[in-house]
Number of protein chains: 2
Amino acid sequence: MESNEIIEALAALAQTTRLAVFRRLVAAEPEGEAAGDLARDLAIPPNTLSAHLAVLARAGLVSADRRGRFVVYRAAVDRLTAVTTALVADCCGGRPELCNPPPATECRPSRTSEVSS
Amino acid sequence: MESNEIIEALAALAQTTRLAVFRRLVAAEPEGEAAGDLARDLAIPPNTLSAHLAVLARAGLVSADRRGRFVVYRAAVDRLTAVTTALVADCCGGRPELCNPPPATECRPSRTSEVSS
DNA sequence: TCTATATTTCCAGAAGTATGGAATCGAACG
DNA sequence: CGTTCGATTCCATACTTCTGGAAATATAGA
């Protein structure tokens, strides 16, 4: 992953409103949420929100899906994963023994493919 | 970890020069590197670099250690780990089954405490 | 104390980002 | 078509960040 892409993603998330939007969208996975609902619930003017969503989209962190008059946004969780992975990979470049085990392990469900209900 | 801290760290790294500095410092672990050497090697005026280092320090991503006339900077790898972990934790809030296993696993050495030489 | 070296602070201009009002585009429906 | 509603683009203003020259601070050594 390119330095520029990493920076774009970090910059996209490094802003109060956008981090809030992104979090909300992650919570709304996998259905996503329409721009208007986001604007209403977060009390952001639609045009302002639109600008922020555009930044997130350019960074690859959200995707937009038009459904009739609505545009439903979804968080691209895998993109976030790619970015954090790239950061950590950089971090350990060549000398993994320096890195205290970068966990993110809380996130892994106990059993993914064995039991689901 | 507070939203503000996360944003501060993301913003600190979301800048070409600072990301380069941080990477260099990570590579220079655990000895660290003096501000002047960084400035020389990265071809950044010392005052400009100083400003960037201050941003990284405020974000907790580097630490400064004065040694005589030199100030040796070190990357705070654990801080980066904390930030990425917080991001991923946010990401999975309540519904870990949504998250494709956020790896960062490449970073873990095969054996950490068993064999070292 | 005076000088030299390392780093930081001060300051200001240039560049970039955030924000929201008004206008525009796009889709649905009569 | 004309209207309505959702979303985006346009544009101007305010704000923040980046950058580096000049001055200040800190430490070491003669």
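Me: A residue is near a molecule or strand if one of its heavy atoms lies within 4 Å of it. Which residues are closest to DNA strand C?

Reply: This is a predicted model, in which local features need pLDDT of at least 70, side-chain atom pairs count only at pLDDT 80 or more, and totals for chains, interfaces and linings use all residues; side-chain values use heavy atoms, with hydrogens and water left out. Residues are numbered from 1 along each chain as its sequence is written, while chains are lettered from A and ligands numbered from 1 in the order in which they are written. DNA strand C is surrounded by 20 residues, and the closest are R18(A), N47(A), H52(A), G36(B) and Y73(B).

Me: Which residue of chain B places a polar side-chain atom 3.0 Å from a phosphate oxygen of DNA strand C?

Reply: A polar contact is a pair of N or O atoms within 3.5 Å. On the backbone side, a polar atom of A35(B) is 3.3 Å from a phosphate oxygen of this strand, and an N or O atom of R69(B) lies 3.3 Å from a sugar or linking oxygen. The side-chain atom at 3.0 Å from a phosphate oxygen belongs to S50(B).

Me: What percentage of the atoms of DNA strand D within 4 Å of the protein belong to sugar or phosphate?

Reply: DNA strand D is surrounded by 20 residues, with G36(A), Y73(A), R18(B), N47(B) and H52(B) the closest. A base oxygen of the strand is 3.4 Å from a side-chain N or O atom of R69(A). Bases make up the rest of the strand's atoms within 4 Å of the protein, once sugar and phosphate are counted at 66%.

Me: How far is the polar side-chain atom of Y73(A) from a phosphate oxygen of DNA strand D?

Reply: V71(A) has a polar backbone atom 3.4 Å from a phosphate oxygen of this strand. Strand 3 (70–75) of chain A is among the elements that each supply at least two residues of the surface near DNA strand D; strands are DSSP runs of E with at least two residues, and helices are runs of H or I with at least four, numbered from the N terminus. For Y73(A), the distance from its polar side-chain atom to a phosphate oxygen is 2.4 Å.

Me: What is the relative accessible area of A82(B)?

Reply: A82(B) lies in helix 5 (residues 77–92) of chain B. Its C-alpha atom is 9.1 Å from that of I6(B), 76 residues apart along the chain. A82(B) is classed as partly exposed (between buried, under 20%, and exposed, over 50%; 1.4 Å probe, protein chains only) because its relative accessible area is 35%.

Key. A polar contact is a pair of N or O atoms within 3.5 Å; within protein, one must be able to donate a hydrogen and the other to accept it, and residues adjacent in sequence count only if both atoms are side-chain atoms.
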